[in-house]
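Subject: Structure for you to look at

Hi,

Here's the structure I promised to pass on. Have a look at it first, and then read my notes underneath.

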Amino acid sequence: MNRRYRKTVIAGNWKMNKTPKEARALVDTLRPLISKAKWCTTVLRVPFVDLSAALKATRATKIAIGAQNMHYENSGPYTGEVSGPMLVEMGVKYVIVGHSERRQYFAETDEIVNKKVLAALECGLRPIVCVGETLQEREQGVTAEQVTKQVKIALQGVQPENIRKVVIAYEPIWAIGTGKTATPEQANEVCTLIRDTIRGLFGARCARSVSILYGGSMNPENAPSLLSLLNIDGGLIGGASLNPDDFKAIVDAANQ
Ligand code: PGA
């Protein structure tokens, strides 16, 4: 973390879990536990149908609510989709773009991710852009090429003055929901590479203002060592964000 230049962000990703009633109960439990998080921004990315309950339950707190996806068009014949302006009007601040599960199961390409990043920024949402390599790509030694390509395409056409509104999450696909975490060295190496890539595209001042998170089986045990690294500015937390005590412990680690 480097709080001098950028925000520390702990972002829970509930994925397809919790009904609106359950969402309300989970936020009610979490709220007092994480209310003292002074130094880190806490975001809960909840299913679309839970947004209303989560927004209500976090009113007058510093907890921000995010969505897990959006369409890149503002409106139109896209049955089943939700647009950025719809989310903004509700009070949503963040949106995940390009999560590996969306890339894998919903055919989201780098080009679609780029359109969504631009659309999110256009309507005032902060995109949390997920990038990361598969196990096969890591074993083939092409992690750097793969992640660099994803970052470059995702950020194509972003105006330099908007780059600080983008959050990047490095999520090695082999570590998501598997209990396998990247070592702090592996995670820091790729997060450093991501910052170097942003520096190459937008310059040093922009690069140091972007929060870069690690995601993939982050938990209360491994969070302190991952978050102690200069180029890891927080975490994207899946499984552990559904457990209030675990999520609190991670927020506490980020708040040190
Ligand atoms: P995990 O999920 O923490 O359960 O590995 C992370 C993510 O998918 O964002």
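Let's start with a quick one: in which loop does lysine 15 lie? Lysine 15 is in the loop that runs between β1 (8–13) and α1 (20–34). Keep in mind as you go that this is a predicted model.

Lysine 15 caught my eye for its backbone: its phi is positive, about 55°, even though the residue is not a glycine. Alanine 60 is another non-glycine residue with a positive phi, this one near 65°. You'll find alanine 60 in the loop between α2 (51–57) and β3 (64–67).

Now for the pockets. Rolling a probe the size of a water molecule over the atoms shows where empty space is left.

The largest pocket holds about 410 Å³ of space. It is lined by 14 residues, and those closest to its centre are Lys15, Met16, Gln68, Arg102 and Phe106. So our lysine from the start turns up again here, among the residues closest to the centre of the largest pocket. Helix α4 (residues 100–105) gives the most to this lining, with 3 residues. By class, the lining of the largest pocket has 7 nonpolar, 4 polar and 3 charged residues.

The second largest pocket has a volume of about 180 Å³. There are 18 residues in its lining, and Gly177, Gly216, Ser217, Gly238 and Gly239 are the closest to its centre. That lining splits into 5 nonpolar, 11 polar and 2 charged residues.

Which pocket does the ligand take up? The ligand fills space in the second largest pocket. There are 13 residues around the ligand, and His99, Glu171, Gly177, Ser217 and Leu236 come nearest. Sorted by class, this shell has 4 nonpolar, 7 polar and 2 charged residues.

Zoom in on the ligand's oxygen atoms and you'll see some backbone contacts. A polar backbone atom of glycine 177 is 2.7 Å from a ligand oxygen. For serine 217, a polar backbone atom also sits 2.7 Å from an oxygen atom of the ligand. Glycine 238 has a backbone N or O atom 2.9 Å from a ligand oxygen. How much of the ligand's accessible area does the protein cover? On its own the ligand has 280 Å² of accessible area, and the protein covers 95% of that.

Have fun clicking around!

Cheers

Methods
Residues numbered from 1 in each chain as written. Predicted model: local features only at pLDDT ≥ 70, side-chain atom pairs only at ≥ 80, totals over all residues. Heavy atoms only, no water. Near = heavy atom within 4 Å. Polar contact = N/O pair within 3.5 Å; in protein donor to acceptor, adjacent residues only side chain to side chain. Areas by Shrake-Rupley, 256 points an atom, 1.4 Å probe, with all protein chains shown as cover. 1 Å grid on protein atoms, 1.4 Å probe; cavity = no way out; pocket = protein on both sides within 12 Å on 5 of 7 lines; lining within 4 Å. Sits in = over half its atoms within 2 Å of the grid points. Nonpolar A, V, L, I, M, F, W, Y, C, P; charged D, E, K, R; others polar. Points joined across faces, edges and corners; volume = space filled by probe spheres on them. Helix = DSSP H or I, 4+ residues; strand = E, 2+ residues; numbered from the N terminus.
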